[in-house]
Structures are given as C-alpha cells and as structure tokens.
Amino acid sequence: MRLLRPGAITEIVGRSSSGRTSLFTACLGEATADGGVAALVDAEETFDPASAARAGVDLARLLWVRCARRRDAALRATDLLVRCPGFALIGLDLGEAAPPLPPAAAFRLKFAVERTGMALVITGRRRVAGAGASLVVE
C-alpha cells in the first residue's frame with residue numbers, strides 16, 4: 001500500500017468504525033518503517049500508542065501532539081509542523097467533529113507541503129481540505 005504522496009495532501013474520510021483509523025495508522029507505520037520521522041496532531045486525543053505500535057508504527061520516530069480537543073490548536077500545530085523540514089509525514093486526526101477548513105487555510109497547507117515535499121494526511125468524518133487535497137480515500 002502506498003498512499004503517502006510526498007508534497008501533497010491526502011484525506012482519509014469515513015464514519016466511525018469505517019476503517020479510517022486503521023488506514024491512517026498504516027500510513028504512520030509506513031512512514032516510520034522507512035526510517036522517516038512522522039508527526040501526529042491528535043485533535044480529539046484518541047490516538048492509542050499501544051495499538052499503533054502493534055500495527056507497526058515506530059513510536060521512537062513519531063512526534064505526538066495532543067490538542068486537548070481544541071481544533072484551533074490542532075490546525076495551528078499542523079500549520080507550524082508542515083513548515084518544519086525533516087518530517088516524512090504529518091498526520092492530522094480531526095476525529096468526528098471536523099468542519100471544513102477555510103479555503104485560505106487549506107491552500108496555505110497545500111503550498112507549505114509542496115515546498116517541503118512531505119506528505120500531509122488528514123483524517124476525519126468528512127472532507128475538510130476541499131480542492132487542496134490531491135487524493136481522497138473514503
């Protein structure tokens with residue numbers, strides 16, 4: 001499976017129990033297994049490190065940003081991380097409460113990801129990046 005698209009935004013969307021978290025975790029595992037460093041911005045604090053480790057995520061190569069259920073903090077953290085070189089993957093897990101990003105924010109993320117060449121994967125109940133996403137998996 002090769003969903004990671006360097007320099008692009010990929011969205012993984014679906015209802016609860018649709019497999020979106022498993023697919024998202026597989027992307028994190030793929031990025032860290034290749035020797036890369038990944039960051040996870042966890043808006044709703046639902047990440048389970050033990051399950052992720054069992055799924056192949058190298059936790060020593062993962063930065064976990066917990067946002068105390070504050071979507072605004074998650075977006076600011078993601079905006080900062082996509083400008084930091086050295087990450088193979090930035091993951092933004094918006095969970096169930098994911099209103100669309102303002103178009104300016106989506107395109108700011110898109111251009112930052114293109115400049116750095118990292119992959120940005122956004123997961124949530126519905127699409128949020130609009131035309132800023134290069135690939136959507138539902």
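This passage describes the largest pocket and the aromatic pairs of a predicted model.

Rolling a probe the size of a water molecule over the atoms shows where empty space is left. In this model, the largest pocket holds about 340 Å³ of space. Its lining is made up of 22 residues, and those closest to the centre of the pocket are Thr-21, Ser-22, Thr-25, Thr-46 and Asp-93. Two or more lining residues come from each of the elements α1 (20–33), α2 (49–54) and β4 (87–95), and α1 gives the most, with six residues. When the lining is divided by residue type, ten residues are polar, six are nonpolar and six are charged.

The structure also holds two aromatic pairs. In one of them, Phe-47 and Trp-64 meet edge-to-face, with 5.1 Å from centre to centre and 70° between the planes. This pair links distant parts of the chain, since Phe-47 belongs to the loop between β2 (37–42) and α2, whereas Trp-64 belongs to strand β3 (residues 62–66), 17 residues apart. Phe-47 has a relative accessible area of 14% and is therefore buried, the cut-off being under 20%, while Trp-64, with a relative accessible area of 30%, is partly exposed. The ring of Trp-64 has a further partner, as the charged end of Arg-66 sits over this ring, 5.0 Å from its centre.

The pair formed by Phe-107 and Phe-111 is tilted, with 6.2 Å from centre to centre and 35° between the planes. Both residues lie in helix α4 (residues 103–116), where they are four residues apart, about one turn of the helix. Phe-107 is partly exposed at a relative accessible area of 30%, and Phe-111, at 42% relative accessibility, also counts as partly exposed.

Terms used:
Residues numbered from 1 in each chain as written. Predicted model: local features only at pLDDT ≥ 70, side-chain atom pairs only at ≥ 80, totals over all residues. Heavy atoms only, no water. 1 Å grid on protein atoms, 1.4 Å probe; cavity = no way out; pocket = protein on both sides within 12 Å on 5 of 7 lines; lining within 4 Å. Points joined across faces, edges and corners; volume = space filled by probe spheres on them. Nonpolar A, V, L, I, M, F, W, Y, C, P; charged D, E, K, R; others polar. Phe/Tyr/Trp six-rings, centres within 6.5 Å; stacked < 30°, edge-to-face > 60°. Buried < 20%, exposed > 50% of the residue type's maximum accessible area, 1.4 Å probe, protein only. Lys NZ or Arg CZ within 6 Å of the ring centre and 35° of its normal.
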